[in-house]
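Please open the model in your viewer and keep the sequence beside it. The tour below suggests what to select at each stop and describes what is found there.

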Amino acid sequence: MNANYRFSSDVAEIDRDQVHRWISEQSYWAPERSRSRQDAAIDGSRNFGMYDTVSNRQVAYARVITDGVTFAWLCDVFVDPAVRGHGIGKALIAGILEECDPLGLRRIALSTNDAHGLYSNLGFSALIAPETWMERIVNPGV
């Protein structure tokens with residue numbers, strides 16, 4: 001990991017304005033998500049960020065929805081396009097897993113259209129039994 005960046009799980013450090021811009025303007029999974037919905041998502045989740053060590057500017061974000069005992073959903077993973085390719089995404093996910101491992105969760109799930117390589121390098125795999133998983137899409141993109 002590049003020493004110019006640091007990992008944090010302190011929700012007080014989250015740049016909510018920046019995170020909202022990333023998710024609502026640049027993500028493929030939640031275009032046009034409202035600020036109030038994004039703030040509610042932050043408030044209801046465990047939040048993680050990567051920060052430039054010189055400027056303290058947030059350069060990546062992710063959140064985990066969990067009961068803290070059996071299951072977690074990793075979502076809203078976003079790395080600023082200006083710093084992609086520097087190992088920041090890998091460091092972010094590794095930091096999250098390090099924080100979650102002591103919980104003894106049975107499963108951490110996620111969904112991605114384009115980062116399978118990143119996640120597989122950190123122990124994620126395709127669903128073992130996709131025939132048992134279901135979803136209900138109610139409000140796509142929010």
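Two strands are said to pair if DSSP finds at least two bridges between them. With that in mind, select S4 and S5, which run parallel and are joined by three bridges. One of the places to look at here is tryptophan 73, whose bridge partner in S5 is alanine 109. Please remember throughout that this is a predicted model.

**The whole protein**

Now zoom out and show the protein as a cartoon, in which four helices and five strands make up the secondary structure. Following the chain along its sequence, you will meet these elements in the pattern β-α-α-β-β-β-α-β-α. The radius of gyration is 15 Å, close to the 14 Å that the globule rule gives for 142 residues, so the protein is as compact as a globular protein of that length. If you align the view with the principal axes, the C-alpha atoms fill a box of roughly 45 × 30 × 25 Å. Colouring by accessibility would show that 39% of the 142 residues count as buried, while the surface that the protein exposes comes to about 8,400 Å², with carbon and sulfur atoms supplying 49% of it. Among contacts between residues at least 6 apart in sequence, 60% join residues that are at least 24 apart.

**The sheet**

Next, select the five strands together, which form an open sheet in the order S1-S2-S3-S4-S5 with mixed pairing. Strand S1 (5-8) and S5 stand at the edges and have a single partner strand each, so one side of each is left without a neighbour in the sheet. Turning the view, you can follow how neighbouring strands are turned against each other by 20 degrees on average, with direction ignored. Add helix H3 (residues 88-100), which packs on this sheet and touches S1, strand S2 (46-52), S3, S4 and S5, its direction making about 35 degrees with that of S3.

**Strands S3 and S4**

Keep strand S3 (residues 58-66) and S4 on screen, since the next stop concerns their pairing, which is antiparallel and extends over six bridges. Valine 64 has leucine 74 in S4 as its bridge partner, and arginine 63 stands opposite cysteine 75 in S4. The hairpin of S3 and S4 has four residues between the strands, and glycine 68 takes a positive phi near 80 degrees there.

Is S4 enclosed or open to the outside? Seven of its nine residues are buried, so S4 is largely enclosed by the rest of the structure. Select aspartate 76, which has its place in strand S4 (residues 71-79) and is buried, with a relative accessible area of 4%. Although aspartate 76 is not a glycine, its phi is positive, at about 55 degrees.

**Glutamine 58**

Move to glutamine 58, which belongs to strand S3 and counts as buried at 2% relative accessibility, a value that lies under the 20% cut-off for buried residues. What does the side chain of glutamine 58 reach? The side chain extends to the backbone oxygen of alanine 60, at 3.0 Å. Leaving aside neighbours within four places in sequence, the residues in contact with glutamine 58 include Glu13, Asp15, Trp22, Phe48 and Tyr51.

**Two exposed loop residues**

For the last stops, turn to the loops and select glutamate 32, which lies between helix H1 (16-26) and helix H2 (35-43). Glutamate 32 has a relative accessibility of 72% and therefore counts as exposed, and its phi is near 70 degrees, a positive value in a residue other than glycine.

Finally, select asparagine 113, in the loop between strand S5 (107-109) and helix H4 (116-120). Is asparagine 113 buried or exposed? Asparagine 113 is exposed, because its relative accessible area of 57% is over the 50% cut-off. Add tryptophan 29 to the selection, and you will have two residues that are 84 apart in sequence but whose C-alpha atoms are 9.1 Å apart in space.

Conventions: Residues numbered from 1 in each chain as written. Heavy atoms only, no water. Buried < 20%, exposed > 50% of the residue type's maximum accessible area, 1.4 Å probe, protein only. Axes fitted to C-alpha atoms, helices over the stretch in contact; angles between N-to-C directions. Contact = heavy atoms within 4.5 Å. Polar contact = N/O pair within 3.5 Å; in protein donor to acceptor, adjacent residues only side chain to side chain. Rg over C-alpha atoms; globule rule 2.2 N^0.38 Å. Areas by Shrake-Rupley, 256 points an atom, 1.4 Å probe, with all protein chains shown as cover.
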